[in-house]
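Q: Could you take me on a close look at the place where the ligand sits? I am new to this structure, so please go step by step and tell me about the surroundings as well.

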Amino acid sequence: MVAKKSHKRILIIEDERPMAKTLKARQEVLNQQRDIEYVRKDGTRFPVAISVSPMAVGGELIGAVEVFRDITKEQQVDKAKTEFVSLASHQLRTPLTAISWYTEMLLTDDKKGLSDTQEDYLNEVRLATERMIDLVNALLNVSRIELGTFAVEPVELDVKKVLQDVIRDVGVLAKDRKVSLVTDDARAPDRYLTDPNLLGMVFQNLISNALKYTPEGTVTVRVYADDTWLNIEVEDTGYGIPDDQRDQIFTKLFRADNVKAQDTTGTGLGLYIIKAVIEEVGGSIRFESEEGKGTTFFVRLPIEGMQPKQGSKPLES
Ligand code: ADP
């Protein structure tokens with residue numbers, strides 16, 4: 001039995017298998033992630049969905065029943081759907097780029113003959129187009145992650161510089177609002193082996209979320225290295241995450257009720273994308289939050305840096 005982690009396969013030790021877990025915990029174990037494969041005698045593999053139930057007679061555990069299903073076909077259908085999303089997103093980008101260009105030209109070309117109302121309308125068109133381009137890029141990223149086709153290209157660089165570049169871009173979100181953005185990167189390594197695009201996406205997503213979901217207060221970004229990890233912490237004093245929705249925060253297209261009730265925009269894809277990226281390079285992400293008080297996201301990346309991964313495309317940032 002092996003666990004599938006993107007393109008890697010890891011043998012699952014006896015104690016970690018669903019049957020052993022069921023016998024130990026005396027409760028049903030389901031493999032929800034669908035990332036387990038069985039290995040046939042001839043070495044070929046097939047993906048399985050597993051369910052194991054304990055069996056007890058007179059309160060005494062006498063064994064367990066394991067039922068598994070070959071899900072090769074389901075995974076093929078999933079893959080075909082992902083490929084379709086990838087293709088469709090790609091096709092959508094060309095006309096969107098044209099709309100964006102011409103709107104920009106109308107707005108910058110001396111605005112000849114434009115009334116104030118027409119200019120307002122065009123600004124709305126520009127904003128809506130930008131949002132649509134962001135959504136299409138996020139969908140493309142999701143399909144590249146799910147198909148495992150994205151590349152990781154690490155180079156040695158200064159983490160502070162990547163952070164400052166992102167802050168220059170997203171800092172505008174803090175302007176004109178009662179939010180101050182504080183950075184503490186004195187202990188960030190100035191030489192770290194990382195893919196600048198991917199590290200930038202992690203910073204970009206966490207900091208822009210913190211700013212977006214904090215009506216007033218402070219957003220603090222801490223970056224520091226210890227012996228094993230490069231630690232990134234983004235703390236805010238914003239809306240927080242409702243307790244009953246904690247489990248869904250990293251799932252695709254999910255946006256919590258409390259932020260939907262406010263006038264905020266988003267795709268619900270950012271955290272899903274960066275979690276996949278962080279785990280691909282051997283790191284982890286978690287958060288602590290209290291509704292109405294604020295949220296802190298904690299990211300750990302291996303201090304030895306990212307390993308290169310071949311891929312046909314980079315992720316869109
Ligand atoms: P979105 O585009 O909606 O921001 P994300 O995937 O980045 O998508 O985040 C998913 C959801 O997680 C958000 O819609 C919001 O409900 C919640 N969330 C993320 N970051 C924060 C934060 N700093 N404070 C409160 N809620 C957050």
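A: Happy to. Let's begin right at the ligand: one of its oxygen atoms is 2.6 Å from an N or O atom in the side chain of R255. Taken alone, the ligand would expose 530 Å², and the protein buries 98% of that. Please keep in mind that this is a predicted model, so every distance here is computed from predicted coordinates.

R255 has company. A nitrogen atom of the ligand is 2.8 Å from an N or O atom in the side chain of D236, and an oxygen atom of the ligand is 3.1 Å from an N or O atom in the side chain of K212.

Now let's look at the whole shell. The ligand is surrounded by 21 residues, and the closest are N209, Y213, R255, T267 and L271. Sorted by character, the shell has 10 nonpolar residues, eight polar ones and three charged ones. Three elements give two or more residues to this shell: α5 (196-212), α7 (270-280) and β13 (294-302). Of the elements, α5 gives the most, with four residues.

Let's follow α5 for a moment. N205 lies in this helix. With a relative accessible area of 11%, N205 falls under the 20% limit and therefore counts as buried. What does N205 touch, leaving aside its neighbours within four places in sequence? The residues in contact with N205 are G270, L271 and I274. All three are on the list of buried residues of α7, so this contact leads us straight from one helix to the other. N205 also has a distant partner in sequence to compare with: V170 is 35 residues away along the chain, and the two C-alpha atoms are separated by 9.4 Å.

That brings us to α7. This helix is mostly covered, with eight of its 11 residues buried. The buried ones are G270, L271, Y272, I273, I274, V277, I278 and E280. Where do these buried residues pack? They pack against β2 (8-11), α3, α5, β12 (284-290) and β13. Just after the helix, G282 takes a positive phi of about 90°.

One of the partners of α7 is α3, and A138 gives us a way in. A138 lies in helix α3, which covers residues 116-146. Its relative accessible area is 9%, which is under 20%, so A138 is buried. Leaving aside neighbours within four places in sequence, A138 is in contact with L269 and I273, and I273 is one of the buried residues of α7.

From A138 we can step across to S89. The two residues are 49 positions apart along the chain, and their C-alpha atoms are separated by 9.2 Å. S89 is found in helix α2 (residues 72-108). At 2% relative accessibility, S89 is under the 20% limit and so counts as buried. Beyond residues up to four places away in sequence, S89 touches V136, L139 and L140. Within its own stretch of chain, a polar atom of the S89 side chain lies 2.5 Å from the backbone oxygen of V85.

One more stop is T220, in strand β10 (residues 216-225). At 16% relative accessibility, T220 is under 20% and therefore buried. Apart from neighbours within four places in sequence, T220 is in contact with V182, E233, V234 and E235.

Finally, let's step back to the protein chain as a whole. The chain is divided into domain 1 (2-70), domain 2 (74-147) and domain 3 (155-302). The C-alpha centres of domain 1 and domain 2 lie 43 Å apart. The chain has seven helices and 13 strands, and its C-alpha atoms fill a box of roughly 85 × 45 × 40 Å, taken along the principal axes. Of its 317 residues, 38% count as buried. The accessible surface comes to about 18700 Å², with 52% of that belonging to carbon and sulfur atoms. Among contacts with a separation of 6 or more, residues 24 or more positions apart account for 66%.

Conventions: Residues are numbered from 1 along each chain as its sequence is written. This is a predicted model: local features need pLDDT of at least 70, side-chain atom pairs count only at pLDDT 80 or more; totals for chains, interfaces and linings use all residues. Side-chain values use heavy atoms; hydrogens and water are left out. Domain bounds come from an automatic or database domain assignment. A residue is near a molecule or strand if one of its heavy atoms lies within 4 Å of it. A polar contact is a pair of N or O atoms within 3.5 Å; within protein, one must be able to donate a hydrogen and the other to accept it, and residues adjacent in sequence count only if both atoms are side-chain atoms. Accessible areas come from the Shrake-Rupley method with a 1.4 Å probe; for residues, only the protein chains shown count as cover. Ala, Val, Leu, Ile, Met, Phe, Trp, Tyr, Cys and Pro count as nonpolar, Asp, Glu, Lys and Arg as charged, and the others, Gly among them, as polar. Buried means under 20% relative accessible area, exposed over 50%, partly exposed in between (1.4 Å probe, protein chains only). Contact means heavy atoms within 4.5 Å.
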